[in-house]
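Dear colleague,

Please find below the structure that I am handing over to you. My notes on its pockets and its sheet follow directly after it.

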Amino acid sequence: MADVILEGRDLKKYYPVTKGLLKRIIGWVRAVDGISFTIERGKTLSLVGESGAGKTTTAKAVLLLEKLTSGTILFEGKDVYRFSKSQLKTEYRPRVQSVQQNPWSSMNPRMRVRDIIAEPLVVNTKRTKGQIRSRVLELLDQVGLSPNQADYYPHEFSGGQRQRIAVARALALNPSLVVLDEPVSALDVSIRAQIMNLLKDLQDQYNLSYLVIAHNLATVRFMSHSVAIMYLGEIVEYGEAEELFERPLHPYTRALISASMLTLPEDEDKGVEPIILSGEMPSPLNPPPGCRFHTRCPDVQDICSKEVPEVRVIGQQRIKCHVYAEQ
């Protein structure tokens with residue numbers, strides 16, 4: 001049986017839309033609308049989709065930066081929302097850390113690197129100054145930086161080095177799960193592979209679990225064990241990474257992969273044109289009826305605008321699409 005470290009069950013996050021001085025609620029933005037997923041120990045789950053799909057909101061919910069409208073987050077089988085303040089401080093927050101997209105804006109430019117990395121240790125532990133300094137130097141070495149750089153300021157580092165510092169800070173408390181929000185998108189292409197390799201090496205070394213928020217499918221394919229494709233607050237396809245990339249089933253997944261690779265794997269030698277989606281993602285304030293993707297889907301059917309598709313299991317993938325109704 002899989003060792004699941006974190007599970008999300010039917011997560012929903014709605015934001016009220018208000019009008020007038022009295023802030024009368026006139027609608028709800030359904031940023032996340034009933035998604036479920038699991039993250040196994042030592043494995044990586046990636047959430048993929050266009051801007052506005054609900055990926056970052058999901059990450060914020062896992063980090064407890066957003067309170068869910070409904071749903072359950074289980075950490076090692078325990079409901080996080082039933083944790084006391086003491087339990088959150090000792091059992092959850094130190095063990096669930098994050099690395100943000102921009103390694104510059106996530107750091108205080110007036111703090112030296114040693115203080116940036118040490119901050120979680122100072123706040124959450126009772127280590128002596130000597131123990132903290134030793135841990136900081138150890139972390140710098142683990143992420144490929146020199147201990148001599150501990151007294152530098154963030155502006156004295158390149159973008160890739162700053163992201164290494166962010167990774168070191170996230171690892172300071174020996175977390176079990178790290179949320180990576182577009183961890184390499186702000187970096188030069190030549191540096192991205194270095195950071196991704198570093199993250200994978202650290203995962204193997206410490207049996208870390210990752211929740212990756214990304215839109216770059218090359219990054220996702222390299223790092224992921226499983227992938228969830230999100231569209232307008234919902235997961236439309238979810239499965240093992242390699243199978244999903246080799247045999248994408250949902251029309252939206254196929255379009256994403258086609259756009260990133262020009263052609264799908266089975267179409268490479270057939271001269272098939274890449275799939276180009278028309279229009280933009282509708283507003284989560286007023287999502288389309290039926291299948292939310294039907295307004296842009298190249299395989300749309302009459303039923304798509306009338307009925308919400310059920311989740312179907314095909315192989316190791318879970319698909320939410322009417323095309324597979326008879327399978």
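The lining of the largest pocket comprises 10 nonpolar, 6 polar and 4 charged residues. Here Ala, Val, Leu, Ile, Met, Phe, Trp, Tyr, Cys and Pro count as nonpolar, Asp, Glu, Lys and Arg as charged, and the others, Gly among them, as polar. A pocket is an open set of points on a 1 Å grid over the protein atoms alone, where a 1.4 Å probe fits, with protein on both sides within 12 Å along at least five of seven lines; lining residues have an atom within 4 Å of a point.

Please note that this is a predicted model: local features need pLDDT of at least 70, side-chain atom pairs count only at pLDDT 80 or more, and totals for chains, interfaces and linings use all residues. Residues are numbered from 1 along each chain as its sequence is written, and side-chain values use heavy atoms, with hydrogens and water left out.

The volume of the largest pocket is about 470 Å³, a volume being the space filled by probe spheres set on the points, which are joined across faces, edges and corners. Of its 20 lining residues, L63, L65, V96, Q97 and S98 lie nearest the centre. At least two lining residues each come from α1 (55–62), β6 (96–99), α5 (159–171) and β7 (177–181), and β6 supplies the largest share, 4 residues. Helices (H or I, at least four residues) and strands (E, at least two) are DSSP runs, numbered from the N terminus.

The second largest pocket has a volume of about 340 Å³. Its lining consists of 15 residues, with T38, E40, S226, Y238 and E240 nearest the centre. By class, these are 4 nonpolar, 7 polar and 4 charged residues. β2 (24–40), β3 (44–48) and β10 (234–240) each provide at least two of them, and β2 gives the most, with 5 residues.

As to the sheet, 8 strands form an open one with mixed pairing, in the order β6-β7-β8-β3-β9-β10-β12-β11. Its edge strands, β6 and β11 (311–314), each pair on one side only; two strands pair if DSSP finds at least two bridges between them. Within this sheet, β7 and β8 (209–214) pair in the parallel sense over 5 bridges, and V178 stands opposite Y210 in β8. α1 packs on the sheet, touching β3, β6, β7, β8 and β9 (226–231), where contact means heavy atoms within 4.5 Å. The direction of α1 makes about 150° with that of β8; axes are lines fitted to C-alpha atoms, for helices over the stretch in contact, and angles run from 0 to 180 degrees between N-to-C directions.

Yours sincerely
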